[in-house]
Number of protein chains: 2
Amino acid sequence: MSILLSRSSRSSSLLCKRVLQTKTTFTNITSTTTTNIMSPSILINTPVYDLKSFHTGPVIGGGLKRSAPKYNFEPAEPLVISDLNEHVLNAKYAVRGSIPMRAEELNVQMQKDPKSVPFDHIINANIGNPQQLNQKPLTFYREVLSLVQYPDLLESLEKEGASSKVYKPDAIRRARKLLNAIGGSVGAYSTSQGVFEIRQTVADFITKRDGGELAYPEDIFLTAGASAAVNYLLSTLCRGRETGVLIPIPQYPLYTATLALNNSNALPYYLEEKNGWSTNTQDIEKVVKKAIHDNVKPSVLVVINPGNPTGAVLSRESIEKIFEVASKYGIVVIADEVYQENIFGDVKFVSMKKVLREMQRNHPGQFDDVQLASLHSTSKGVSGECGQRGGYMELTGFRPEIRQVLLKLASISLCPVVTGQVLIDLMVSPPQPGDESYAQDQLERDTIHAELDKRASLLYKTFNSLEGIECQKPQGAMYLFPSIMMPFKAVQEAHRLEMTPDEFYCKELLEATGICTVPGSGFGQVTGTYHLRTTFLAPGEKWINDWANFHKKFYNKYRD
Amino acid sequence: MSILLSRSSRSSSLLCKRVLQTKTTFTNITSTTTTNIMSPSILINTPVYDLKSFHTGPVIGGGLKRSAPKYNFEPAEPLVISDLNEHVLNAKYAVRGSIPMRAEELNVQMQKDPKSVPFDHIINANIGNPQQLNQKPLTFYREVLSLVQYPDLLESLEKEGASSKVYKPDAIRRARKLLNAIGGSVGAYSTSQGVFEIRQTVADFITKRDGGELAYPEDIFLTAGASAAVNYLLSTLCRGRETGVLIPIPQYPLYTATLALNNSNALPYYLEEKNGWSTNTQDIEKVVKKAIHDNVKPSVLVVINPGNPTGAVLSRESIEKIFEVASKYGIVVIADEVYQENIFGDVKFVSMKKVLREMQRNHPGQFDDVQLASLHSTSKGVSGECGQRGGYMELTGFRPEIRQVLLKLASISLCPVVTGQVLIDLMVSPPQPGDESYAQDQLERDTIHAELDKRASLLYKTFNSLEGIECQKPQGAMYLFPSIMMPFKAVQEAHRLEMTPDEFYCKELLEATGICTVPGSGFGQVTGTYHLRTTFLAPGEKWINDWANFHKKFYNKYRD
């Protein structure tokens, strides 16, 4: 303790500040001891952040021995929030916002004292993170990834004549093909646009998916997930306050966050909940006209298809109408199609690219200059490889000089992670009939898909069986976005707690059941309506029952 | 051909535009046929970009049968450069600029006609990309990465009692430890700050590296290479034109590029070439004062140590002076220390964090509020795993609310690639004496290091043996940045070709020898001096001799 007493007053105040810092940084885990989060070499109850307590010089008469003051300036204060870029401050990303942060807090609390919460684990239904919820990675993917990381092993397997018990021959062949295309090592930077041969594979996939509408590797940019593509596109296309970007409401908050970072205007167009969250294309043109009237240039239109958070799948007619507006007003279309594999029932996914090509053919000259950026990712679908950061965008109709600017911007980040590029290759070119991995791969895919389909249905039915919840039938993606009719008393209680009513519901749900969701306010919703987004990725049915029970209690408690 | 003839005039003009587009996008490979870069399914000499030639309707009387015009609006033109964000347009990144683009062009040309160039391969000395130049990845890293990608294999190896011929027991143990820490799969998103246990390992590494100066996992952010950290920091700290960021000249162009993107001011401080590219700290304070006088707030100071492109290593005295300025003016210091492992001869690397902690202890109160962000990466050193995108930053002295903003910004990109996080763990915690992989790992590290050291020396000696080249002795990093005294006639010739003289030299060098470098103008240099940056990663000595011969010829040709 003598060291503690020996600090100068400035050191003591620094101590307070640093301890405060620890607490505030870990708002979510303030109730824990330091043992879990600190270096194990530091004793509990030691003021861990005061570095000087470990290093001060010899103590003389209770005061700190100071060397002669070499420096005679007054040190400046550290930065405060108002010193930062206001656009960064304005960006919000609810998927990792207050409810998920509270969930982390409860998780730590639970590990300390399992009985302090009425559930035994957190169900992370806030984010489309399949493998966190025990979705098994596809074996073929992981065999190939394992081999490309270890070329010596690959070589020895090839010498043995591919008789490995562990790696299937087609995985060995694919790993070799990819390593050759990459240039020998996934540890080298690739070109910033991505490995050419992999882009060729993507182009072949698109051509096939779109019924023969040709795609070209020059139009493909491999990216670190679809998020990086959105970042490149909006950074390049946004010119600050003069620019408007049409986004669907509800939307995936990446879009509003990126627009905030670029200080550009989100121009909302509202999806029609009562029509299964369909897109009202007449509304879109109204939004465009209003923006022009307000001196904002509507430069970009974002389409999320299948919808996040809505799960709706766009009809061909809606897509055509969107391109009509795009062509008429010269608006770039961003087609976020990362959920194209997540389609349920007899719904069909039609890519925007395919429709655009058909319109170009059927109406010569009328749609040739439409600019479309289509996004895809390895994070969703049956792949679910979120942590591997694989993605691509396909550019259609952009002038070459615009593409060069996008490429330059990508080059500042050097290259997309090369193993993510490998994964893109595997996603768009899975084992085919006759390949050694085919049967198992199909089985794994079918199992994952059937499980998701089943849980989506069950959750949908459960919601609609409950008083005060309405939910549209899921057509695609990984989410449901039910509407909660909020009892007046619940609205009052939320107000008292300085929360939005949907946030209040999500918080109560989390604390009662461990189910972590995201309030609808994070995605946008018609004023006076309340929603939440939940994935249906979590295994089992118990959590769905828990939710139903929670909801009934909530409704009974707050019923008007 | 009837299809070609059948196009409407608008379609024909579209055809021209699309062909032009192909050519312009691939400026670098215009002289090739389309076979290499196009889908193999497309015939040579087919106007490959005219999609309609494959899809037009039935031909009637030489004219295109058009459906009744359903749309009666005039389509808008596609975007032109001036429609884009001017800050993105202003960003330059020379490491992947005109000379490397010309190299790609030659590479394609060479594959078509090997005799059309006077060399047999391109030597990519423009970018620190060790594994592209055959530096072998460390075996231990790759064993672990191979296992974390394939948990089923890991499990079966564990059941066999770790008797694998292919994987060493410590690699198996580490893979299990990491998978447990990650939560079971590298395919799941991690927290946006990175896996806690890996951050703990990083903190332990820093504590050890810095002779016991404690580091904490809460201060560590795992990032996709150091580039992502620079992006987060400058995006958050820059407030447009009012902000100034001190950068060394010459600098790594990521900094000027990122400043351009953020529309903030680069405040150059010049390194002293004659003193081995040392940092003149008096100059730094002058730059700070001038900025304040000019109403620009000097918010950040970037230090690259060891230097890129200079190879210089900062002395402890210089670091102390830098912190003096930082404390006095409240300037955030970014310490780009990605080359901390690349140290040659008897030079010692001292981290800025270590010096800061010592100053805080020795001068209580005087340096407590200094804000430091220290960057590291798996791309350099003996790791050289560029394509895997691993990195971290350590934050010191920032207020908690500032760190929260950085974390929010990181969360918009969801998470750093999880295998890159794994690689960070391996880099900061390599096999130790007693571990099964230790001996081989040491041998591999020593071999790589000795090779680099040898080649750095040879290249340095060669440069200084040549008339008109002066080169400072390399202390660290992967580069030499020699000064070229440019003969007047060469300057004239460059002027005629509308190039800078250093760009002209690099172009001539490339076309004569295949050696690809980056002109000094991409990094900044004192007006009237000319430099280039070259890595010394390329294996062998022949290219060094080729360079010497080229230089003599160049000098003879352009001698005044």
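## A guided look at a two-chain model

Let's begin with a single residue: E444(A) sits in helix α16 of chain A, which covers residues 438-465. Keep in mind as you explore that this is a predicted model. Is E444(A) buried or exposed? With a relative accessibility of 17%, E444(A) counts as buried, because the cut-off for buried is under 20%. Beyond its neighbours within four places in sequence, E444(A) is in contact with P137(A), L138(A) and T139(A). L237(A) makes a useful second landmark: 207 residues separate E444(A) and L237(A) in sequence, and their C-alpha atoms are 40 Å apart in space.

Now step back to the whole of chain A. Its secondary structure consists of 19 helices and 17 strands. Chain A has 560 residues, and 62% of them count as buried. The accessible surface of the chain is about 21,200 Å², with 54% belonging to carbon and sulfur atoms. Among contacts in chain A with a separation of 6 or more, 73% are between residues 24 or more positions apart.

One stretch of the chain carries a label from a record. An unreviewed UniProt entry lists residues 169-538 of chain A as "domain: Aminotransferase class I/classII large". In the model, that span is 44% helix and 16% strand, and its end C-alpha atoms lie 33 Å apart.

How are the two chains related? In general, a rotation about an axis and a shift along it relate two copies of a chain. Here, chain A is superposed on chain B by a rotation of 180° with 0.0 Å of shift along the axis, giving an RMSD of 0.0 Å. The two copies are therefore related as by a two-fold rotation axis. The same surface serves both copies, with 100% of the contact residues of chain A recurring in chain B. Which residue of chain A comes closest to the rotation axis? That is S146(A), whose C-alpha is at 2.1 Å.

Next, the interior. Helix α13 of chain A (residues 352-362) is largely enclosed by the rest of the structure, because nine of its 11 residues are buried. Among those buried residues are M352(A), V355(A), L356(A) and M359(A), along with K353(A) and R357(A). In soluble globular proteins, nonpolar side chains tend to be buried together. The largest nonpolar core in this model has 336 residues, of which F323(A), Y505(A), Y255(B) and F323(B) touch the most other members. Setting aside neighbours within four places in sequence, the contacts of Y255(B) include V230(B), L234(B), I304(B) and D336(B).

In chain B, T207(B) belongs to helix α8, residues 196-209. T207(B) counts as buried at 15% relative accessibility. Its side chain reaches the backbone nitrogen of A215(B) at 2.9 Å. Apart from neighbours within four places in sequence, T207(B) is also in contact with G212(B), E213(B) and L214(B).

Finally, some backbone details in the loops. A cis peptide bond joins N308(A) and P309(A), with omega about 15°, and P309(A) lies in the loop between β8 and α12 of chain A. Another cis bond joins N305(B) and P306(B), with omega about -5°; P306(B) is in the loop between β8 and α12 of chain B. The table gives two non-glycine residues with a positive phi.

| Residue | Phi | Loop in chain A | Relative accessibility |
|---|---|---|---|
| W277(A) | about 60° | between β6 (265-272) and β7 (278-279) | 6%, buried |
| A477(A) | about 65° | between β12 (469-470) and β13 (479-480) | 0%, buried |

How values were computed. Residues are numbered from 1 along each chain as its sequence is written. Chains are lettered from A and ligands numbered from 1 in the order in which they are written. This is a predicted model: local features need pLDDT of at least 70, side-chain atom pairs count only at pLDDT 80 or more; totals for chains, interfaces and linings use all residues. Side-chain values use heavy atoms; hydrogens and water are left out. Helices (H or I, at least four residues) and strands (E, at least two) are DSSP runs, numbered from the N terminus. Buried means under 20% relative accessible area, exposed over 50%, partly exposed in between (1.4 Å probe, protein chains only). Contact means heavy atoms within 4.5 Å. Accessible areas come from the Shrake-Rupley method with a 1.4 Å probe; for residues, only the protein chains shown count as cover. Copies are superposed by least squares on the C-alpha atoms of residues with pLDDT of at least 70 in both. UniProt positions are given in the numbering used here, feature names are shortened, and annotations may be inferred rather than shown by experiment. A nonpolar core is a set of buried Ala, Val, Leu, Ile, Met, Phe, Trp, Tyr and Cys residues joined through side-chain atoms within 4.5 Å. A polar contact is a pair of N or O atoms within 3.5 Å; within protein, one must be able to donate a hydrogen and the other to accept it, and residues adjacent in sequence count only if both atoms are side-chain atoms.
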